[in-house]
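Let's work through a protein model together, one exercise at a time. Have a look at it first, then try each task before reading its solution.

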Amino acid sequence: MTKILIIYTGGTIGMVNDAKTGTLIPFDFEQIKENVPELARLDYQLSVHSFDPILDSSNMDPEIWKALAELIKEEYDHFDGFVILHGSDTMSFTAAALSFMLQNLAKPVVLTGSQLPIGEIRTDAKENLITALEIAATKKNGRAMVPEVCVYFDYQLFRGNRSIKYNSEKFEAFASPNYPILAEAGVNLTFYPNYILPIPKNPFEIHTSFNSNIGVLKMYPGITENAVKAITESDVDAIVLEAFGSGNTTTAPWFIACLQKAIADGKVIIDISQCKGGAVQLGLYETSRELQQMGIVSGYDLTFEATVTKLMYLLGQGLSTTEIKQRLEVAIAGELTI
């Protein structure tokens, strides 16, 4: 029998209405089959691991990611797949982080959640949970159909490190602007193998050292020197530069000088676009040519979530600045397109 481990971290999906107080409270996921009777029709052996205490996803951090990775490592040989129930607000950050931490992953790790609590009449929780379980259980020729970290939400399966949460009110809360979906749930569950990572040849391992000492510099017209220096002269190890369009910034001499000083001080700076779709092309316009020449790294089509977590991951590996810059521009888990 197919064995799936459900890991409940928290989030809207596990909430029910307390009849006495009228507030939302978490239900006991050990009794998941009682709360979702449809699961009895799935021919899977389900086990549940609930975080204690459960977490609002706004409180997610690298220590929780480490706990998730270590739990999956510990249970890796005992289960065919893993479903992580997670609050939607930071789900894409967790999915991206795990994609870097879980190296040579040959089994599905599917994150899902919901916009409405599982106890609501119009909830999206049950469909998201049931289909996520089906995806985690699906095999072809005895091997996992989706051997990677992914996000399932509202009938679509996304590569985890390509996903973003783009809407807080619609059921279709997630998108993958720069990469096709991996599967789609309609009348049939349809997979798109050409877009799914291949089964790795090397043994599974995890890397859990993260360094989250990162600053974010988001460009806007009229940005001041003081605002820029608050980031570039702060005691961070790396900076995410959220630039305009294909990676462009102001060419004001003071701004260029701030970036040059930050690089001279040993900081890694990676340029990503504020646009959700498309990619950074450093040097395409004059406004980004100087950035390229001074050694700023191109983030290509990385999402903000993947950029931040990839930086944390690489900074935690004890690599040299040169090695970090090189690896930022190479895909580790399918997170970017050159």
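Below are six short exercises, each with a worked solution.

A bit of housekeeping: this is a predicted model, where local features need pLDDT of at least 70, side-chain atom pairs count only at pLDDT 80 or more, and totals for chains, interfaces and linings use all residues. Residues are numbered from 1 along each chain as its sequence is written, and side-chain values use heavy atoms, with hydrogens and water left out.

**Exercise 1. The parallel sheet**

Work out the strand order of the open sheet of four strands, and find which strands stand at its edges.

*Solution.* Start with the names: helices (H or I, at least four residues) and strands (E, at least two) are DSSP runs, numbered from the N terminus. Two strands pair if DSSP finds at least two bridges between them. Following the pairs gives the order β17-β18-β19-β20, with parallel pairing. The edges are β17 (214–218) and β20 (297–298); each has a single partner strand, so one side of each has no neighbour in the sheet.

Next, add the helices that pack on this sheet. Helix α5 (residues 225–232) touches β17 and β18, and its direction makes about 160° with that of β17. Helix α9 (residues 321–328) touches β19 and β20, at about 15° to the direction of β19. (Axes are lines fitted to C-alpha atoms, for helices over the stretch in contact, and angles run from 0 to 180 degrees between N-to-C directions.)

**Exercise 2. Inside the sheet**

How many bridges join β18 to β19, and which residues of β19 are buried on each face?

*Solution.* Six bridges link β18 (residues 238–243) with β19 (residues 268–273), and the two strands run parallel. Ala-238 has Val-268 as its bridge partner, while Ala-243 stands opposite Ser-273.

Now check burial, where buried means under 20% relative accessible area, exposed over 50%, and partly exposed in between (1.4 Å probe, protein chains only). In β19, six of its six residues are buried. One side holds Val-268, Ile-270 and Ile-272, and the other holds Ile-269, Asp-271 and Ser-273.

**Exercise 3. A helix with a buried side**

Which residues of helix α7 are buried, and why can we say they line one face?

*Solution.* In α7 (residues 286–294), the buried residues are Ser-288, Leu-291 and Met-294. Here's a handy rule: an α-helix has 3.6 residues a turn, so residues three or four places apart point the same way. Looking down the axis of α7, the buried residues fall within an arc of 115°, so they line one face. (The arc is that of the directions from the helix axis to the C-beta atoms.)

What do they pack against? The buried residues of α7 meet β18, α6 (253–264) and β19. On the face turned away sit the exposed residues Glu-286 and Gln-293. After α7 comes Gly-295, with a positive phi near 105°.

**Exercise 4. Two helices crossing**

Describe how α2 and α3 pack.

*Solution.* Two packed helices are described by the angle between their axes and the distance between the axes. For α2 (residues 62–75) and α3 (residues 91–101), the angle is about 50° and the axes are 10 Å apart. Angles under 35 degrees count as roughly parallel, over 145 as roughly antiparallel, 65 to 115 as roughly perpendicular and the rest as oblique. The two helices are therefore oblique to each other.

Finish with the residues in contact, meaning heavy atoms within 4.5 Å. Trp-65, Lys-66, Leu-68 and Ala-69 of α2 meet Phe-93, Thr-94, Ala-97, Leu-98 and Met-101 of α3.

**Exercise 5. A hairpin and its neighbour**

Trace the pairing from β10 to β11 and on to β14.

*Solution.* β10 (residues 149–153) and β11 (residues 156–159) run antiparallel, joined by four bridges. They form a hairpin with two residues between them, and Asp-154 in the turn has a positive phi of about 50°. Phe-153 stands opposite Gln-156. On to β14 (residues 183–185): two bridges join it to β11, again antiparallel. There, Gln-156 stands opposite Glu-184.

**Exercise 6. Buried or partly exposed?**

Classify Thr-12, Thr-112 and Ser-92.

*Solution.* Thr-12 lies in the loop between β1 (2–8) and β2 (15–17), and at 32% relative accessibility it counts as partly exposed. Thr-112 belongs to strand β7 (residues 109–112) and, at 0%, is buried. Its contacts beyond four places in sequence include Val-83, Tyr-152 and Phe-153. Ser-92, in helix α3, counts as buried at 3%.
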